[in-house]
Structure formats: C-alpha cells, structure tokens
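Student: I would like to go through this structure slowly with you. Could we take each term in turn and set it against its cut-off?

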Amino acid sequence: MGEPVGIALLGAGNVGAGVLRALELGADRYAARVGRPLAVRHVLVRDVARRRAGVPRRALTASLDMVLADPAVQIVVEVMGGEQPAFDYIRRCLESGRHVVTANKEVMAKHGGELLGCASAHSVRLLYEASVGGGIPIISPLSRDLLANEVTGVTAIINGTTNFMLTAMAQRGSDYADVLAEAQRLGYAEPDPTADVEGIDASYKLAILCGLAFHIDVSPGDVARTGITRLTARDFRYARELGYAIKLLASGRLVEGELVATVQPVFVAQGEPLAHVDGVLNAVQVEGDLVGRVLFEGPGAGPMPTASAVLADVLDVARDLVAGRPPAESISYRPIKVRPAAKVVSRFYLRVTVADQPGVLARIATILGKQDISIASVIQFETDADAGTAELVITTHATPGGKLASAVRQIEALPVVHEVGNVLPMVGG
Ligand code: NAP
Ligand code: HSE
C-alpha cells in the first residue's frame with residue numbers, strides 16, 4: 001500500500017469527534033476500500049490546550065496557515081460550523097488545491113454556488129452529504145441517482161430537534177415550553193434554540209435540497225419560514241381528532257416556473273408517510289416524473305450517523321485521488337423567481353376563540369364566503385362557560401394564501417372574536 005492520503009480536520013466537536021472515532025475503528029476497511037491508508041495530520045480547534053480523546057496533542061492546531069503549509073494534506077474536512085470563519089477557510093482550502101468535505105449547511109446554503117465554482121476553477125471537489133439529513137444519503141441521490149428525473153417536489157422533515165418536540169407534544173399532550181426544556185435537558189436543543197425552533201436550520205437545508213432537485217440558484221432568503229413557537233397542546237388535540245399530525249415541513253416545488261419553498265408547521269394527514277416520522281428522525285420525500293415518490297428516512301444528526309455521511313465523501317474523494325481520476329465539472333444552476341405566498345394555494349386549519357353567542361359563526365362564514373373561501377368543516381371544540389367563549393376549528397377547501405390572510409384580518413377585527421390562534425396549511429387526506 002502506498003503513501004497515506006493526508007487529511008486535515010477543521011473542528012473536533014460532536015461531529016469531528018465522531019469522524020475521528022470512525023476513522024480509528026474503520027482504519028483497515030477504509031484502507032482496503034481506498035487502496036491506501038487515511039492519515040489525519042492536523043485537527044484545527046479553538047482551544048488547543050484542551051485534551052481530546054483520540055487526538056494526539058501534536059496534531060492540534062489553531063492555525064489554518066499551518067494546515068495549508070503541509071503539502072501532504074490532500075483532503076480537508078470542515079466540521080466547525082457557523083458561517084465565519086468556516087466560509088473563508090473552505091475557500092482558502094479550495095484555492096490551495098485541497099479537496100473539501102463539509103457538514104456545514106449554513107455555508108453551503110448561503111455560499112454553495114460560489115464555493116462550488118471555486119472548487120471547479122481549482123480542479124478540486126467540494127462534497128457536502130452531511131449538510132442535510134445527517135446520516136441520510138440525500139445529496140448524492142439527488143445529484144446522481146435521480147438525475148434522469150424532472151423532480152416535481154421535495155417534502156422533508158429535516159430538523160430533529162423540532163421533530164422531537166412536536167412528537168412529544170402530540171404523544172403526551174405537553175406544552176411547548178415543557179418540551180423545549182426537555183429537548184434542552186437531553187442535549188437536542190441548544191441553550192439558544194432559535195435556529196431550530198424558528199425553522200432557520202431547516203431553511204438552510206431546504207435551500208440546498210431545492211438547488212439540487214430543481215437545478216436552480218436558491219438562497220435561504222427565498223424560503224418562507226414560520227417556526228413552531230406558537231403551537232399549543234390544543235392544536236395537537238384538534239389535529240388528532242381530525243386525523244392529522246402536525247409536522248415542521250420543509251417543502252419545495254416549482255409552480256408555473258416559480259419556486260414555492262416553505263418551512264412551516266403543517267397539518268399532515270395520517271395517511272401520509274411523513275406523518276409517522278417521529279422523534280429525532282429526519283425524512284426526505286422526493287417526487288420525480290420517472291421514479292414517482294421515494295422516501296429517505298433515518299437519523300438526521302448525531303456524531304456517528306453524521307460521520308457516516310462525512311466519511312462517505314472522504315472515501316469517494318480518496319478513491320479518485322488514488323485512481324488519478326480528475327474531478328467532474330460542476331453543473332451550473334439557473335436563476336428562479338420566487339412565487340409570492342399570497343398566490344400559493346392550500347387547504348387551511350384555523351383555530352378561532354370567539355364569544356359563545358348566537359350569530360358568531362354566521363359572521364365568520366360570511367367573511368370567508370365573501371373571499372370565495374369554501375369551508376370544509378367546522379367544529380366547536382371547547383367552551384369556557386366562565387369566560388363565555390368557545391373555540392371554533394374551521395378547515396377550508398383549497399384557497400390562495402392571500403385570500404385567507406385577508407379573511408383572517410377581517411375575522412380578527414370582529415368584536416366577538418377574542419383571538420385567531422394558529423392558521424396552518426393542510427396536506428394529504
Ligand atoms: P461543535 O460541537 O460546536 O464543534 C465545533 C468544533 O469546531 C469545535 O471543536 C470547535 O473548537 C471548532 N471551532 C469552532 N469555531 C472555530 C474557530 N473559529 N476556529 C477553530 N476551531 C473552531 O459542532 P458540531 O455539532 O460538531 O457541528 C459541526 C458542523 O456539523 C456544523 O456545521 C453542524 O451544522 C454540522 N452538523 C452537525 C450535526 C450534529 O449532529 N451535531 C449533524 C449534521 C451536521 P473547540 O473544540 O476548541 O471549541
Ligand atoms: N440542529 C439540527 C437538528 C442538527 O436538530 O436537526 C444538525 O443539523
């Protein structure tokens with residue numbers, strides 16, 4: 001066996017430690033699969049003084065210059081996270097002729113096009129399987145195995161933290177604040193949970209998926225995003241009684257040549273496979289004109305599942321290096337127009353707290369009727385005799401979001417309406 005393939009790791013946190021451990025455990029089989037051993041030559045961290053299991057002290061560095069000065073480094077694995085300095089570091093590695101493997105969804109969602117262009121200009125590869133769905137293979141299937149399809153839609157549960165929280169709310173009837181505290185205690189949610197609960201993390205991942213699926217230039221700003229913070233235990237109870245689950249769905253679709261990309265809580269009919277993806281699991285459903293519907297499901301995070309995706313990319317690059325294969329040209333993507341939310345058609349669920357008195361329902365129905373919105377069902381679920389209120393749950397037939405938003409504004413203005421609670425789209429069923 002010849003000279004080892006030299007690797008540098010940028011970051012040795014959750015994922016970095018998993019990559020190091022998997023490289024140690026699988027050293028022999030990886031060497032056999034590549035034709036040469038893999039050798040970790042540098043591990044870049046912030047705090048070089050801290051002891052880290054499985055990392056020789058001499059490999060630790062805080063200097064990217066030191067990594068780049070080592071001619072034996074051929075592949076750089078970026079598992080630092082965050083936009084900066086990760087973006088600059090990846091670019092510098094590519095410009096220096098190193099192949100890069102990254103798990104960084106934020107960098108790939110915001111700067112993927114530029115970095116892939118940079119990789120192509122320097123005849124190296126930039127791979128990012130771990131950036132979406134952790135251990136689930138999805139970047140490679142979209143780039144290769146589904147390439148013959150016209151992909152018509154991508155629908156996904158791609159944030160494990162929020163899926164854990166929503167599952168707990170559905171199964172145990174818990175409130176949002178309680179499940180957030182539990183997710184933080186178990187280490188799923190960060191002390192500042194904003195990126196997960198506001199759908200930011202999922203919007204980065206969806207932007208990456210839409211780019212690959214539809215061959216378009218997408219940025220996270222093109223994704224309309226609503227988080228899960230306003231959901232209540234009552235929404236879950238009503239969903240169950242209507243035959244639905246509530247999921248934070250990341251969904252991308254081309255409608256009349258325009259992109260509809262959303263991350264939002266959605267009523268998903270129990271007959272849909274995605275309604276049953278529970279806990280920290282992730283799943284991505286792809287619809288293609290040739291293949292029909294395919295579903296990829298598995299662990300969306302965690303050191304070893306993520307290491308599985310990172311190392312698949314590393315082995316792929318290492319095999320090409322050993323075989324002397326040149327990197328393929330990167331595919332260029334076309335610009336796309338984003339369809340305004342007002343034009344996007346859906347069925348909706350509305351929860352409205354009203355004064356429990358005659359004629360209230362008729363006034364709400366009149367407003368919906370004037371907007372040409374057809375009511376599918378109305379249920380008066382709960383009354384509060386002390387407060388003199390009742391809770392109405394209304395579902396509509398398909399209607400453009402703009403018409404519904406206008407009706408909701410008018411309903412909110414009625415003196416007999418105490419609150420319009422959640423207004424959520426419905427899929428399936
Ligand atoms: P993490 O535990 O916070 O680890 C980050 C590592 O990067 C630490 O070793 C840290 O050094 C180092 N680092 C951060 N900023 C640095 C800087 N400016 N200079 C030098 N070193 C720096 O993060 P993680 O959970 O492993 O996530 C890493 C990446 O993988 C992120 O892009 C994340 O989105 C992605 N990802 C994570 C998961 C998951 O399950 N966690 C799943 C899929 C994808 P110190 O150790 O000295 O602080
Ligand atoms: N915070 C992410 C999640 C994990 O909860 O799915 C890494 O992508």
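Student: Which residues are linked in a network of salt bridges?

Tutor: Keep in mind first that this is a predicted model. The network of salt bridges links Glu-256, Glu-258, Lys-337, Arg-339 and Lys-343.

Student: What makes the pair of Glu-258 and Lys-337 a salt bridge?

Tutor: The closest N and O atoms of Glu-258 and Lys-337 are 3.3 Å apart, and the rule asks for a side-chain nitrogen of Lys or Arg within 4 Å of a carboxyl oxygen of Asp or Glu, so the pair meets the definition. Glu-258 lies in strand β10 and Lys-337 in strand β13 (residues 337-338), so the salt bridge ties together parts that are 79 residues apart in sequence.

Student: Why is Glu-258 called buried or exposed, and what about Lys-337?

Tutor: Glu-258 has a relative accessibility of 8%, and buried means under 20%, so Glu-258 counts as buried. Lys-337 has a relative accessible area of 57%, and exposed means over 50%, so Lys-337 counts as exposed.

Student: How do you know that Glu-391 and Arg-234 form a salt bridge?

Tutor: Their side chains meet at 2.6 Å, N to O, and the limit is 4 Å, so the pair qualifies. Glu-391 belongs to strand β16 (residues 389-396) and Arg-234 to helix α11 (residues 233-242), so this pair ties together parts that are 157 residues apart in sequence. Glu-391, with a relative accessible area of 4%, is buried, whereas Arg-234, with 31%, is partly exposed.

Student: What separates Arg-21 and Glu-24, which also form a salt bridge?

Tutor: Arg-21 and Glu-24 are 3 residues apart in helix α1 (residues 14-25), which means that about one helical turn separates them. Their side chains meet at 3.8 Å, N to O, and this is within the 4 Å of the rule, so the name salt bridge applies. Arg-21 is partly exposed at 42% relative accessibility, and Glu-24 is exposed at 51%, a value over the 50% that the term requires.

Student: How many salt bridges does the rule find, and how many of them cross the interface of domain 1 and domain 2?

Tutor: The count comes to 26 salt bridges, and across the interface of domain 1 and domain 2 the rule finds 1. As for the domains themselves, the protein is divided into domain 1 (5-134 + 303-323), domain 2 (143-299) and domain 3 (342-427). Lys-105 forms a salt bridge with Asp-201, with the closest N and O atoms 2.8 Å apart.

Student: How do you know that domain 1 and domain 2 touch, and what area is buried between them?

Tutor: Contact means heavy atoms within 4.5 Å, and 11 residues of domain 1 are in contact with 13 residues of domain 2. The size of an interface is often given as the accessible area lost when the parts come together. Between domain 1 and domain 2 the buried area is about 970 Å², and carbon and sulfur atoms give 73% of it. On the side of domain 1, Lys-105, Ala-109 and Val-132 lose the most area to domain 2, together 50% of what that side buries.

Student: Why is Val-280 called partly exposed?

Tutor: Val-280 has a relative accessibility of 34%, and partly exposed lies between 20% and 50%, so the term fits Val-280. Val-280 sits in the loop between β10 (258-269) and β11 (281-288), and together with Leu-186 and Tyr-188 forms a nonpolar patch on the surface, with about 250 Å² of accessible area together.

Student: What is the phi of His-215, and where is this residue placed?

Tutor: Phi of His-215 is near 55 degrees, a positive value in a residue other than glycine. Most residues other than glycine have a negative phi, and most peptide bonds are trans. His-215 is in the loop between α10 (200-214) and β8 (224-225), and is partly exposed, with a relative accessible area of 28%.

Student: Which residues does a cis peptide bond join?

Tutor: A cis peptide bond joins Gln-84 and Pro-85, with omega about 5 degrees, and Pro-85 is found in the loop between β4 (73-78) and α4 (86-95).

Definitions and conventions
Residues numbered from 1 in each chain as written. Chains lettered and ligands numbered in written order. Predicted model: local features only at pLDDT ≥ 70, side-chain atom pairs only at ≥ 80, totals over all residues. Heavy atoms only, no water. Patch = residues over 30% accessible without salt bridge, like charges linked within 9 Å, V, L, I, M, F, W, Y side chains within 5 Å. Areas by Shrake-Rupley, 256 points an atom, 1.4 Å probe, with all protein chains shown as cover. Helix = DSSP H or I, 4+ residues; strand = E, 2+ residues; numbered from the N terminus. Buried < 20%, exposed > 50% of the residue type's maximum accessible area, 1.4 Å probe, protein only. Domains from an automatic or database assignment. Buried area = accessible area lost by both parts, 1.4 Å probe.
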